[in-house]
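Welcome! Let's walk through this structure together, one question at a time.

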Amino acid sequence: MSIIEDGATGDKVRVDGSNRLQVFAIAEGVNAFSVKNGDAYNLATGLVAMTGTAESSVFYMANTGATDIVITSITFGVGVLSATITDDSVFTIIKNPTGGDIISNATALAGGNTNQNHGESKSLSINAFQGVDGGTITGGESYGPFYVSSSQRTSIPLTMRIPNGGSVGVKVDLNTSGGGNVYCAINCHLHDDTQL
């Protein structure tokens, strides 16, 4: 049986005749690793009051930093809707939107850019804005739809990698003749391929 030895500590790893390492191992997921290092974040709009049946912008984020951002989930929420509801609210995610008044007439995220490690003060290098009633978000590629009923929330587990200069947006159609509040929250972390 061969032995691999750590030159700094003298710790050893055995390798058996079938080339299997015999170790006691602890596996840590990338997100937990990122939280530990202060590189995991929650981005959230506040409650955005919407009316009518037209689409409105909800969220926009562009990566202005040198390290890729990996989104691991997006959560959509809808408050109590009023008047005539014709269908569930429809959220659409947009890959690399290029315009709209969510960018040209920006409103800061009311929910913030929060580090998931409560002992860290680092924040993401991003431009991030929340939408407004009747606000526009244009360009890019859309995917969805994601339906959310009145007084419900839906969390979408997904993996999206946003390099420097890349962006992501969200829009919603409430599908009601009245109105209601909506919000969007994103869990993400920085990821540098040289870290692993």
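Q: Of the contacts between residues at least 6 apart in sequence, what percentage join residues at least 24 apart?
A: This is a predicted model, and its contacts can be sorted by how far apart the partners sit in sequence. Taking the contacts in the protein between residues at least 6 apart, the share that joins residues at least 24 apart is 85%.

Q: How many helices and strands are there in the protein?
A: One of the helices is α1, covering residues 30-36, and one of the strands is β12, covering residues 141-148. In total, the protein has two helices and 15 strands.

Q: What is the radius of gyration of the protein, set beside that of a compact globule of 196 residues?
A: The C-alpha atoms fill a box of roughly 75 × 30 × 30 Å along the principal axes. A compact globule of 196 residues would have a radius of gyration near 16 Å, whereas the value for the protein is 22 Å.

Q: What percentage of the accessible surface belongs to carbon and sulfur atoms?
A: Buried residues account for 42% of the 196 residues. The accessible surface comes to about 10,100 Å². Of that surface, the part belonging to carbon and sulfur atoms is 49%.

Q: How far apart are the centres of the positive and negative side chains?
A: The protein carries 9 positive side chains and 17 negative ones. Each set has its own centre, and the distance between the two centres is 10 Å.

Q: Is T45 buried or exposed?
A: T45 sits in the loop between β4 (40-44) and β5 (48-51). Leaving out residues up to four places away in sequence, it touches V58, F59, L109, A110, G111, Q130, Y183 and C184. Because its relative accessible area is 6%, and the cut-off for that class is under 20%, T45 is buried.

Q: Why is C188 in no disulfide with C184?
A: A disulfide is a covalent bond between the sulfur atoms of two cysteines. To be counted, the two sulfur atoms must lie within 2.5 Å, and by this rule the count comes to zero disulfides. For C184, the nearest cysteine sulfur is that of C188. The sulfur of C188 is too far from it for a bond, because the distance is 11 Å.

Q: Are C184 and C188 buried or exposed?
A: C184 has a relative accessibility of 0%, and the value for C188 is 0% as well. Since the cut-off is under 20%, C184 counts as buried, and C188 counts as buried.

Q: How far apart in space are V35 and H189?
A: V35 lies in helix α1 and is partly exposed, with a relative accessible area of 22%. Beyond four places in sequence, V35 touches A40, Q116 and N117. V35 and H189 are 154 residues apart in sequence, yet from C-alpha to C-alpha the distance is 7.9 Å.

Q: Which residues does T53 contact, leaving aside neighbours within four places in sequence?
A: T53 belongs to the loop between β5 and β6 (55-63), and at 48% relative accessibility it is partly exposed. The C-alpha atoms of T53 and D173 are separated by 6.0 Å, although their positions lie 120 residues apart along the chain. The contacts of T53 are D173, N175, T176 and S177.

Q: Is V80 buried or exposed?
A: V80 is found in the loop between β7 (68-78) and β8 (89-95), where it touches S150, S151, G179 and G180. Its relative accessible area is 63%, and the cut-off for the class is over 50%, so V80 is exposed.

Q: What is the distance in space between D88 and V148?
A: D88 lies in the loop between β7 and β8 and is partly exposed at 30% relative accessibility. Among the residues it touches are Y147, V148 and S149. D88 and V148 are 60 residues apart in sequence, and their C-alpha atoms are apart by 5.6 Å.

Q: Which peptide bond is cis, with omega near 5 degrees?
A: The bond leads into P145, whose place is in strand β12. With omega near 5 degrees, the cis peptide bond runs from G144 to P145.

Q: What is the phi of N175, which is not a glycine?
A: N175 lies in the loop between β14 (167-173) and β15 (179-191), and at 14% relative accessibility it counts as buried. Although N175 is not a glycine, its phi is positive, at about 60 degrees.

Technical notes:
Residues are numbered from 1 along each chain as its sequence is written. This is a predicted model: local features need pLDDT of at least 70, side-chain atom pairs count only at pLDDT 80 or more; totals for chains, interfaces and linings use all residues. Side-chain values use heavy atoms; hydrogens and water are left out. Helices (H or I, at least four residues) and strands (E, at least two) are DSSP runs, numbered from the N terminus. Buried means under 20% relative accessible area, exposed over 50%, partly exposed in between (1.4 Å probe, protein chains only). Contact means heavy atoms within 4.5 Å. The radius of gyration is taken over C-alpha atoms; the globule rule is 2.2 Å times the number of residues to the power 0.38. Accessible areas come from the Shrake-Rupley method with a 1.4 Å probe; for residues, only the protein chains shown count as cover. Lys and Arg count as positive and Asp and Glu as negative; His and the chain ends are not counted. The place of a charge is taken as NZ of Lys, CZ of Arg, CG of Asp or CD of Glu.
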